[in-house]
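Hello,

Here is the structure I promised to pass on. Have a look at it first, and then read on for what turned up.

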Amino acid sequence: MNWLGLLVSFTYIALVIVSAKMFEKKGKEISRKFIHIMLGNWWIIAMLFFDNVWFAAFGPAVFVIVNYLSYKKDLIKVMERDEQDGFGTVYYALSLLILAIVSFGIFKNPALGLVPTLVMAYGDGLAAIIGKKTKSKRYKLSDTKKSFAGSLTMFLIALVFIGGYLWFVNMDVFWTSTHWPLISIMMAFCITAIEAISGKGIDNVSVPISTLLLLILI
């Protein structure tokens, strides 16, 4: 299953990159965010096929190198901005590598990396799209401007994924507990704040890793 998982993983990634070409007519940023969002679904493939940390980590490790070379040489044009402003794509793959090692290796719990991956992929990805498509006011806490609409999107998506995860893994406890909604809201707020102060692609590391740490600590 592990070898099959590698085949399915690289096939899926290739399909996502090729499919992103369809969105280039709507703007380079839309095609980039399509890749950003859809690649987060790779974690589901990893959970279905991998039971070995080295196989789970292999794909992300490869793309740390591939994305770095693409950043420097503009190899995967649909994935790169016209004007480079940070190692966001490299950080994305690096985060998946760290999550794979921690989830599949250290904790032997692949599901642990699911929420951090989805929050990074869908939260950050949709926040950027909605933030640009609305006339929401913008603010700046780092070297990158954020929008209130984008931050609200980030908060709601983080809340849904974190709340759903906490409810599922602690179902028996949470049915009788009044604290889990508050915990979910506080965690989502923390993740949104971390994303707001992260700039130039750093949120592709800060968001998933901080989400992972919060899930481990609760």
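Let me start with Lys108, which sits in the loop between H5 and helix H6 (114-133). Please keep in mind that this is a predicted model. The phi angle of Lys108 is near 55°, a positive value in a residue that is not glycine. Most residues other than glycine have a negative phi. Lys108 counts as exposed because its relative accessibility is 63%.

Next, the salt bridges. Searching the whole structure gives 2 of them. In one, Glu195 pairs with Lys146, and the closest N and O atoms are 3.1 Å apart. This pair ties together distant parts of the chain, with Glu195 in helix H9 (residues 180-196) and Lys146 in strand S2, 49 residues apart. In the other, Lys146 pairs with Asp203, with 3.9 Å between the closest N and O atoms. Here too distant parts of the chain are linked: Lys146 belongs to strand S2 and Asp203 to helix H10, and they are 57 residues apart. Lys146, Glu195 and Asp203 are thus linked in a network of salt bridges.

Are the members of this network buried or exposed? Lys146 counts as buried because its relative accessibility is 10%, where the cut-off is under 20%. Glu195 is buried as well, at 5% relative accessibility, and Asp203 is buried at 7%.

A little more on Lys146: its strand, S2, covers residues 145-147. The side chains of Lys146 and Glu195 are also joined by a polar contact of 3.1 Å. Leaving aside residues up to four places away in sequence, Lys146 touches Lys137, Arg138, Tyr139, Ser151, Glu195, Ala196, Ser198 and Asp203.

Finally, the surface. Ile101, Ile106, Phe107, Leu213, Ile216 and Leu217 make up a nonpolar patch there, and together they have about 580 Å² of accessible area. Which helices each supply at least two residues of the nonpolar patch? They are helix H5 (88-106) and helix H10 (203-217). H10 gives the most, with 3 residues. One patch member, Leu217, is placed in helix H10 and counts as exposed because its relative accessibility is 70%, where the cut-off is over 50%. Helix H10 therefore appears twice in this email: Asp203 of the salt-bridge pair with Lys146 lies in H10, and H10 also contributes to the nonpolar patch.

Best wishes

Technical notes: Residues are numbered from 1 along each chain as its sequence is written. This is a predicted model: local features need pLDDT of at least 70, side-chain atom pairs count only at pLDDT 80 or more; totals for chains, interfaces and linings use all residues. Side-chain values use heavy atoms; hydrogens and water are left out. Patches are made of residues with over 30% relative accessible area and no salt bridge: like charges are joined within 9 Å, nonpolar side chains (Val, Leu, Ile, Met, Phe, Trp, Tyr) within 5 Å. Accessible areas come from the Shrake-Rupley method with a 1.4 Å probe; for residues, only the protein chains shown count as cover. A salt bridge is a side-chain nitrogen of Lys or Arg within 4 Å of a carboxyl oxygen of Asp or Glu. Helices (H or I, at least four residues) and strands (E, at least two) are DSSP runs, numbered from the N terminus. Buried means under 20% relative accessible area, exposed over 50%, partly exposed in between (1.4 Å probe, protein chains only). A polar contact is a pair of N or O atoms within 3.5 Å; within protein, one must be able to donate a hydrogen and the other to accept it, and residues adjacent in sequence count only if both atoms are side-chain atoms. Contact means heavy atoms within 4.5 Å.
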